[in-house]
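Me: Could you take a close look at one part of this model for me? I would like to follow a sheet and what packs against it.

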Number of protein chains: 2
Amino acid sequence: MIVPIILSGGSGSRLWPLSRETYPKQFLPLVDQYTMLQSTALRIAGLADVTAPLVVCNEEHRFMVAEQLRAVGVQPAAVILEPVGRNTAPAVAVAALHAQNQGADPILLILPADHVIADVEGFRAAVRRVAPHAEAGRLITFGIIPTAPETGYGYIEIAENATPVANPGGRSLFRVASFREKPKPEDAAKYIASGRFLWNSGMFFWRLSSFQNEFGKANPVMAETLEDLTDALMAEDQARAAKIFDALPNISIDYALMEKATHVMVVPGNFIWDDVGAWDALYRTFPTDNKGNIRVGDPVLIDCTDSIIYNAPGQKKMAVGVAGLKDMVVVVNDDAVLVIPKDRAQDVRKIVIALRDRGATQL
Amino acid sequence: MIVPIILSGGSGSRLWPLSRETYPKQFLPLVDQYTMLQSTALRIAGLADVTAPLVVCNEEHRFMVAEQLRAVGVQPAAVILEPVGRNTAPAVAVAALHAQNQGADPILLILPADHVIADVEGFRAAVRRVAPHAEAGRLITFGIIPTAPETGYGYIEIAENATPVANPGGRSLFRVASFREKPKPEDAAKYIASGRFLWNSGMFFWRLSSFQNEFGKANPVMAETLEDLTDALMAEDQARAAKIFDALPNISIDYALMEKATHVMVVPGNFIWDDVGAWDALYRTFPTDNKGNIRVGDPVLIDCTDSIIYNAPGQKKMAVGVAGLKDMVVVVNDDAVLVIPKDRAQDVRKIVIALRDRGATQL
């Protein structure tokens, strides 16, 4: 039995002005009519032998999560509220504790809520292929076969002399040699050239008991704290739970577990995947016109090339007209406008910080 | 006695999205708290021996003109309504006919309503200096001493062997050799190098009788039509007046009179002047920050140079954030956004046309 855990706690300021503090990207219908959270839930729903999902989200998003899932007919097994964001390690560990109630030692499928996977069937096939290996006790992470030397992703290195583990679909699981942070361009190029690197998708698959054993070994202090947290939650002592949660370290599951654990395997997925980490990422997801432009919301483009002009559907339709742009990103919302070269898409954070400093309300 | 004639009939689509079909640029507070029409009226009000202005505008702007002038305490002598825009020649000629009622052969000071003159006292001094020459029967046009080889202006050529006409202020009136349309860059450079060219400001100054004599000689057919028009207006036969007006040729006063008349003189004005014909013109009017950017409406700029970021005050304040821009124009309004390189500012027309074609309401 598979228990999906949807991590919906991200903040995503790099997609401002669409993403907001109170409305991060997983709650936006960024690429189609479904929000990314809804797409994540629907993606799982098609798997066999799967329970209702556990959803981890920030306390202030509880009603949005409930409403968005209801709208697509998904009833979560539980919505676990984080009083504060504490990165993925605490979220995954707390969700795992909840999963104890879902059945005897289920397999946990951990999925961030803010990823785009165009090839849903490819994703499901990958899950089915590696399920027996998760059942057998391995910690499995999904790697994406890279299509370009992206510097915005972390990478997973496959062991040089790894013995491929055959799986029913004819593909292989590989032993992981290392996890690498977002690389410099020259390192990314080396990774791609080596053929031994995959993008780190942040999706995981493992048996509850395997996770708890490995997590406890790698993080004895945190594991103990989490038991206190579970006690507090069972006792419905929210104040104490919040206090314990607040004291948890702000670290990723990659760092807290994957880099330390043994038996870590990666399955190479060749489905189209994207974490839509910044505006230029739309280039990997949206179709372009014959001049390489992405047009959303019917903007007027005169002599533009390789640009993203995103006129978001809002309460009031804005008229957007641009001319002579090359490699630019223009995003227009009801109450905010972003203009930035594609290769500066990461600077959206700086803009958001500057707007916050001056007390802007459009965050 | 001076009778000012304010030409407020322009449409100004090149300043979209601020200027609109129903709200051309002369009605906008583009550079300070006054609209350009208001600034024009206030500029005249400081002259001695001046009557209330005659204002020529499009029929649909009658209430806006009345309200904007009322707000600055100016009561026009008359507001002459054009049923259709017919360029400056018919507007000036019709206004001249109205001016017959303002006194015995007054001097007419003709001013477009959509010009920026930062140095109001310099302008008034120029008017005072040349008034005796207008009284003496000369047709006077205001030339602006050019500060750069602009290609967006028409030019006035001073006769090579012109005898300067001394005037009380120590400056000179010059005989005009020719009027030149907006030049190519290489021609503009030659004009500036010669020292004999001034920008054509479109402001004129002449005695009513001198104008009527010269205009009648240069345009006998139109002059006759205008007499019919006057009869229709006197008889308050609006339908007939509209029909006659509609049949008038769409030509400028430069073309209809100045290029053909004798006794045409130009007074070189060295006051800062601009017709704000396109967004890049703001560069000649607004102060810049230490990186050459013009900022209006408190946008966030990260690493931008030589750009214009204009966040118009509207019913709803938009948040505008830009980064990494060079030589760009970004204009944001309540309901529309323009992004264009500075050197493509003329392409705003194309955007407006495209928006019109698709039935946009933000024109």
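**The sheet across two chains**

Reply: Happy to! A good place to start is V339(A), whose bridge partner in β16(B) is V322(B). This is a predicted model, in which local features need pLDDT of at least 70, side-chain atom pairs count only at pLDDT 80 or more, and totals for chains, interfaces and linings use all residues. Residues are numbered from 1 along each chain as its sequence is written, while chains are lettered from A and ligands numbered from 1 in the order in which they are written.

Strand β18 of chain A (residues 336-341) and strand β16 of chain B (residues 319-323) run parallel, joined by 4 bridges. Strands here are DSSP runs of E with at least two residues, and helices are runs of H or I with at least four, numbered from the N terminus; two strands pair if DSSP finds at least two bridges between them.

The open sheet has 6 strands with mixed pairing, in the order β13(A)-β15(A)-β17(A)-β18(A)-β16(B)-β14(B). At its edges stand β13 (294-296) of chain A and β14 (300-302) of chain B, each with a single partner strand, so one side of each has no neighbour in the sheet. On average, neighbouring strands of this sheet are turned by 5° against each other, direction ignored.

Helix α10 of chain A (residues 348-357) packs on the sheet, touching β18 of chain A as well as β14 and β16 of chain B. Contact means C-beta atoms, placed from the backbone, within 7 Å. The direction of α10 makes about 140° with that of β14(B); axes are lines fitted to C-alpha atoms, for helices over the stretch in contact, and angles run from 0 to 180 degrees between N-to-C directions.

For the wider setting, chain A holds 10 helices and 18 strands, and its C-alpha trace spans about 60 × 50 × 35 Å along its principal axes.

Definitions and conventions: Two residues are in contact if their C-beta atoms, placed from the backbone, lie within 7 Å.
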